[in-house]
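Okay, thanks for coming, everyone. I'll put the model up and then walk you through it.

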Amino acid sequence: MPLTDIQTRIEAACHKAERKAESVELIAVSKVQPNARVEAVLNQGHRVFGENRVQEAQGKWPDFKAKFDRVQLHLIGPLQSNKVKPALDLFDAIHTLDREKLARRIATEVQARGACPALFIQVNTGEEPQKAGVLPAEVDGFIKACQGFDLNIKGLMCIPPMEEEPSLHFALLAKMAKRNGLDSLSMGMSSDFESAIALGATHVRVGSAIFGERVKPD
Ligand SMILES: *Cc1c(COP(=O)(O)O)cnc(C)c1O
């Protein structure tokens, strides 16, 4: 689907929810997409992209950043503590902060650099054993611990279970953010970004709807 169609759908969802269109950031998720598709979206003027692997992003984004200005990269996949340095070199935002060890590593690195990326705490709203993220019962404490490390906690992120109604998870995430005074919500993907916007998403992560089906599995 053309990028402009996605933008139109985001605007319509914002209008319906009585929100400003600028209150939602579209993160174009370019993981495993061929470079030509990514470049086509850059050529249309879009500048905000999401990747789920540090190594893959290191392979393609330095060249794109040299060619296109104002590119903003969001890491939306798991981050290993030993990849914090390259991640902070490349990414403007990290959506997958989910454990204290990682928070400490980021804090140390941020102090050395004097700059902190925007950080989202990933919440495992469905309490799925195989999925990353802080459990709902531990969110409040984890946010406070991160703030104690002087980290720039912007908001919360979730990936709802495949087989469940995503709205319930979006509503839960919104509630947890609100009671902790956080105003950003990274939620909503190709199949459900409109309902995420209805429930307060500020960052939607849309991949296949923009770029087409991923050729390789992610
Ligand atoms: C791949 C991915 C997306 C995008 O998924 P689509 O269904 O292609 O829009 C969003 N968020 C995360 C965390 C992802 O890994």
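So, how many residues surround the ligand, and which are the closest? There are 13 around the ligand, and the closest are Lys-31, Ser-190, Gly-207, Ser-208 and Arg-214. For that count, a residue is near a molecule or strand if one of its heavy atoms lies within 4 Å of it.

Quick housekeeping. This is a predicted model, where local features need pLDDT of at least 70 and side-chain atom pairs count only at pLDDT 80 or more, while totals for chains, interfaces and linings use all residues. Residues are numbered from 1 along each chain as its sequence is written, and side-chain values use heavy atoms, with hydrogens and water left out.

Back to the ligand. Lys-31 has a side-chain N or O atom 2.6 Å from a ligand oxygen. Gly-207 puts a polar backbone atom 2.8 Å from an oxygen of the ligand, and for Arg-214 it's a polar side-chain atom, again 2.8 Å from a ligand oxygen. On its own the ligand has 380 Å² of accessible area, and the protein covers 89% of that. Those areas come from the Shrake-Rupley method with a 1.4 Å probe; for residues, only the protein chains shown count as cover.

What's the shell made of: how many nonpolar, polar and charged residues? Six nonpolar, three polar and four charged. The classes are Ala, Val, Leu, Ile, Met, Phe, Trp, Tyr, Cys and Pro as nonpolar, Asp, Glu, Lys and Arg as charged, and the others, Gly among them, as polar.

Next, the core. In soluble globular proteins, nonpolar side chains tend to be buried together. Here, the largest nonpolar core has 62 residues, and the members touching the most others are Trp-61, Leu-97, Ile-121, Leu-151 and Leu-156. A nonpolar core means a set of buried Ala, Val, Leu, Ile, Met, Phe, Trp, Tyr and Cys residues joined through side-chain atoms within 4.5 Å. Buried is under 20% relative accessible area, exposed is over 50%, and partly exposed is in between, with a 1.4 Å probe and protein chains only.

Take Leu-156. Leaving out residues up to four places away in sequence, its contacts include Phe-120, Ile-121, Val-139, Leu-173 and Met-176. Contact, by the way, is heavy atoms within 4.5 Å.

That brings us to helix 7, residues 166-179. Helices (H or I, at least four residues) and strands (E, at least two) are DSSP runs, numbered from the N terminus. Met-176 sits in helix 7, and it counts as buried because its relative accessible area is 1%. Beyond four places in sequence, Met-176 touches Val-123, Thr-125, Pro-136, Val-139 and Leu-156.

His-169 is in helix 7 too. Is His-169 buried or exposed? Buried, because its relative accessibility is 6%. The side chains of His-169 and Glu-164 share a polar contact of 2.7 Å. That term means a pair of N or O atoms within 3.5 Å; within protein, one must be able to donate a hydrogen and the other to accept it, and residues adjacent in sequence count only if both atoms are side-chain atoms. Ser-167, also in helix 7, makes a side-chain polar contact with Glu-165 at 2.7 Å. Outside its sequence neighbourhood of four places, Ser-167 touches Ser-195 and Leu-199.

Over to His-74, in strand 3, residues 72-75. His-74 is buried, as its relative accessible area is 3%. Its side chain has a polar contact with that of Gln-72, at 3.5 Å. Neighbours within four places aside, His-74 is in contact with several residues, among them Phe-49, Phe-91, His-95 and His-203. Phe-91 also turns up among the contacts of Val-54, which is in helix 3, residues 54-67. Val-54 is buried, because it comes out at 5% relative accessibility.

Last stop, backbone angles. Most residues other than glycine have a negative phi, and most peptide bonds are trans. So which spots have a positive phi here? One is Glu-127, at about 50°, in the loop between strand 5 (118-123) and helix 6 (139-148). Another is Asp-150, near 70°, in the loop between helix 6 and strand 6 (153-158). Glu-127 is exposed, with a relative accessible area of 51%, and Asp-150 counts as exposed at 62% relative accessibility.

That's my tour, so shout if you'd like any view again.
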